[in-house]
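Student: I am new to this structure and would like a close look at a single part of it. Could you take me slowly through the sheet and what surrounds it?

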Amino acid sequence: MHTGCFKKEDYTKIDIKEKYMKLALQEANNAYSLGEVPIGAVIVYNNKVISTGFNYREKSNNALYHAEIIAINKACNYMNSWRLIDCDIYVTVEPCPMCAGAIINSRIRNLIFGANDPKAGCCGSIINLFDLAFNHIPTFEGGILQQESSELLKSFFLTLRNNQSKPQ
């Protein structure tokens with residue numbers, strides 16, 4: 001009997017990653033519904049979601065209001081600490097330099113993301129900040145529900161372009 005490449009516990013890990021990434025996609029959809037770039041984030045501690053966030057830059061007129069920053073801020077409040085040592089963050093899109101830096105500085109254990117970001121991604125697309133000699137280096141994995149994350153972004157920007165090309 002052929003058992004394949006994965007053990008039963010490996011499937012469980014994949015299912016858990018997809019479960020939390022689906023929650024991050026729900027957050028991204030919240031951003032989309034507000035006209036924000038659809039990126040969502042979820043932070044998990046001891047298999048419990050402790051915070052969520054989605055992009056809110058346009059509505060707030062604040063460059064800092066990325067999904068990851070909002071989720072990290074909420075998680076710090078929940079944990080009553082700036083150190084999120086045993087926390088994992090799920091993000092629909094590869095973090096930018098600001099968000100990758102916040103993930104490093106908040107001591108998040110693991111980063112799991114969906115789609116790569118060839119224009120601003122700092123986990124391998126442009127640079128990998130986690131390859132540098134910072135005092136904390138999270139582990140990371142991309143490509144979890146990548147297609148869903150990519151399609152949501154493509155849909156958003158297509159809608160945006162179509163609306164901008166229509167006469168007002």
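**The sheet and its surroundings**

Tutor: In this predicted model, strand 1 and strand 3 run antiparallel and are joined by 5 bridges. One place to see this pairing is Val-44, which stands opposite Asp-88 in strand 3. On the other pairing of strand 3, with strand 4, the sense is parallel, and 5 bridges are again the count. Two positions can be followed here: Tyr-90 stands opposite Ile-112 in strand 4, and Val-91 has Phe-113 of strand 4 as its bridge partner. Strand 4 in turn pairs with strand 5, in the parallel sense and over 3 bridges, and Asn-110 is found opposite Thr-139 of strand 5.

Put together, these strands belong to an open sheet of 5 strands, whose order is 2-1-3-4-5 and whose pairing is mixed. Strand 2, residues 48–54, and strand 5, residues 139–141, each have a single partner strand and stand at the edges, so one side of each has no neighbour in the sheet. From one strand to the next, the twist averages 15 degrees. Helix 3 packs on this sheet, where it touches strand 1, strand 2 and strand 3, and its direction makes about 145 degrees with that of strand 2.

Now consider how far the middle of the sheet is covered. In strand 3, 7 of the 7 residues are buried, so this strand is largely enclosed by the rest of the structure. Strand 4 is mostly covered as well, with 5 of its 6 residues buried. Thr-92, a residue of strand 3, counts as buried because its relative accessibility is 1%, which falls under the 20% cut-off. Leaving out residues up to four places away in sequence, Thr-92 touches Met-21, Ala-24, Leu-25, Ala-28, Pro-38, Ile-39, Gly-40, Gly-114, Ala-115 and Ser-149.

The nonpolar residues can be followed in the same way. The largest nonpolar core has 28 residues, and those touching the most other members are Ile-43, Ile-72, Leu-84, Ile-89 and Leu-111. Two or more residues of this core come from each of strand 1 (40–45), helix 3 (67–79), strand 3 (87–93), helix 4 (97–105), strand 4 (110–115) and helix 5 (146–165). Helix 3 gives the largest share, 5 residues. To look at one of the members, Ile-43 is in contact with Lys-48, Val-49, Ile-50, Ser-51, Ala-71, Ile-72, Ala-75, Leu-84, Cys-87, Asp-88, Ile-89 and Ile-108, when neighbours within four places in sequence are left aside. A second core, separate from this one, has 12 residues, and Met-21, Leu-25, Leu-145 and Leu-152 are among them. Two of these residues, Met-21 and Leu-25, have already appeared in the list of residues that Thr-92 touches.

Helix 4 deserves a separate look, since Cys-99, Ala-100, Gly-101, Ala-102, Ile-103 and Ile-104 are buried in this helix. The cover over the buried residues of helix 4 includes helix 3, strand 3 and strand 4, which brings us back to the sheet. Ala-100, found in helix 4, has a relative accessible area of 0% and is therefore buried. Not counting residues up to four places away in sequence, Ala-100 touches Pro-95, Cys-122, Leu-129 and Phe-130. Of these, Cys-122 lies 22 residues from Ala-100 along the chain, yet the C-alpha atoms of the two are separated by 6.6 Å. After helix 4 comes Arg-107, whose phi is positive, near 65 degrees.

Finally, there is open space to describe. The largest pocket holds about 560 Å³. Its lining is made of 22 residues, and Ile-39, Val-93, Asp-117, Leu-153 and Phe-157 are the closest to its centre. Helix 5 supplies the largest share of this lining, 5 residues, and helix 5 is also one of the elements that give two or more residues to the largest core.

Conventions. Residues numbered from 1 in each chain as written. Predicted model: local features only at pLDDT ≥ 70, side-chain atom pairs only at ≥ 80, totals over all residues. Heavy atoms only, no water. Core = buried A, V, L, I, M, F, W, Y, C linked by side-chain atoms within 4.5 Å. Buried < 20%, exposed > 50% of the residue type's maximum accessible area, 1.4 Å probe, protein only. Helix = DSSP H or I, 4+ residues; strand = E, 2+ residues; numbered from the N terminus. Contact = heavy atoms within 4.5 Å. Pairing = 2+ DSSP bridges. Axes fitted to C-alpha atoms, helices over the stretch in contact; angles between N-to-C directions. 1 Å grid on protein atoms, 1.4 Å probe; cavity = no way out; pocket = protein on both sides within 12 Å on 5 of 7 lines; lining within 4 Å. Points joined across faces, edges and corners; volume = space filled by probe spheres on them.
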